[in-house]
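Student: I'm new to this one, and I'd like to look closely at a single part. Please walk me through the largest pocket and whatever helps me get my bearings there.

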Amino acid sequence: NYFTEKFGFVFEGLRPESVWFAIAEMVVMLLLSMLSAWRPSPGTQCNSRNGLITLLFFAFLLVLVVRRPYISLMDNLMSGIISGAMFIAVFLMTIGLVQNSNSDGSLFNVAAICLFASAMFVLFKCLIDFSMYTFDICTSRKKAVRRAARSNDETYGQLRQFDSVKSSDYQYSTYSEPLLTLPASSMHESQELRTSVNKLCTLHRI
């Protein structure tokens, strides 16, 4: 239908039984945007918001690890690593904000490393997907050209076969049709001529 033709690429990499994961991923992104836009007061509200964000990342990571929604093992592995690194970063930042002045900043340093690693993995996955997509397009175009050439060759061969059959039928009709359509009077005259010749030969022998 129209929806599948226009948005089918969203579900292309998912297993048939896990097509709902694309919608779940969009819902998670929407909830993260809403929680990030919330500006709570320092203290309990801020810690509650950070805790909800951490739980949301953990739930998303758990679904990725348990369900493995993608067809490709590479997609499942890369998505798990990226989500895991982001969950660890958010979790460490949440703990660091709760500790506030008691923290020496090491948690934030580790969180920064995790965020940087997740960004590098995202970039690496984008490069792999782009390379595979480009390779698939080039391969599909080459296969299409080969199929078209093969189809043209088959069509040309059928046309040549048809022309040869047609020309042989024409020759057969050209040389055979006068014999088949010989009038009865001509056949009678030729028979009388043959009889007369035989009689003359008999008289000559006598």
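Tutor: Happy to. Let's start with what the walls are made of: the lining of the largest pocket splits into 22 nonpolar, 4 polar and 6 charged residues. Keep in mind as we go that this is a predicted model.

In total, 32 residues line this pocket, and its volume comes to about 1100 Å³. If you want to find its middle on your screen, look for Gly13, Tyr70, Asp75, Lys125 and Asp129, the lining residues that lie nearest the centre.

Now, which parts of the chain build the walls? At least two lining residues come from each of the helices H1 (2–11), H2 (20–37), H3 (44–67), H4 (73–99) and H5 (106–180). The biggest contributor is H5, which puts 8 residues into the lining.

Let's stay with Tyr70, since this residue takes us from the pocket to a group of rings. Tyrosine 70 has a relative accessible area of 15%, so this residue counts as buried. Across the whole structure there are 5 aromatic pairs. In one of them, the ring centres of tryptophan 20 and phenylalanine 21 sit 6.2 Å apart with 70° between their planes, and because of that angle the pair counts as edge-to-face. These two partners differ in how much they show: tryptophan 20 is partly exposed at 36% relative accessibility, while phenylalanine 21 is buried at 2%. Phenylalanine 21 also pairs edge-to-face with tyrosine 70, at 5.8 Å from centre to centre and 80° between the planes. That second pair is worth a pause: phenylalanine 21 belongs to helix H2 and tyrosine 70 to the loop between H3 and H4, so the contact ties together parts 49 residues apart in sequence. Step back a little and you'll see ring pairs linking Trp20, Phe21, Phe60 and Tyr70 into a cluster. So one of the residues nearest the pocket's centre, Tyr70, is also a member of that ring cluster.

One last stop, back at H5, the helix that gives the most to the lining. That helix runs over 106–180, so as you follow it you'll pass two cysteines: cysteine 114 is buried, because its relative accessibility is 15%, and cysteine 126 is partly exposed, because its relative accessibility is 45%. Are there any sulfur–sulfur bonds to look for? A search of the whole structure turns up 0 disulfides.

Methods: Residues numbered from 1 in each chain as written. Predicted model: local features only at pLDDT ≥ 70, side-chain atom pairs only at ≥ 80, totals over all residues. Heavy atoms only, no water. 1 Å grid on protein atoms, 1.4 Å probe; cavity = no way out; pocket = protein on both sides within 12 Å on 5 of 7 lines; lining within 4 Å. Points joined across faces, edges and corners; volume = space filled by probe spheres on them. Helix = DSSP H or I, 4+ residues; strand = E, 2+ residues; numbered from the N terminus. Nonpolar A, V, L, I, M, F, W, Y, C, P; charged D, E, K, R; others polar. Disulfide = S-S within 2.5 Å. Buried < 20%, exposed > 50% of the residue type's maximum accessible area, 1.4 Å probe, protein only. Phe/Tyr/Trp six-rings, centres within 6.5 Å; stacked < 30°, edge-to-face > 60°.
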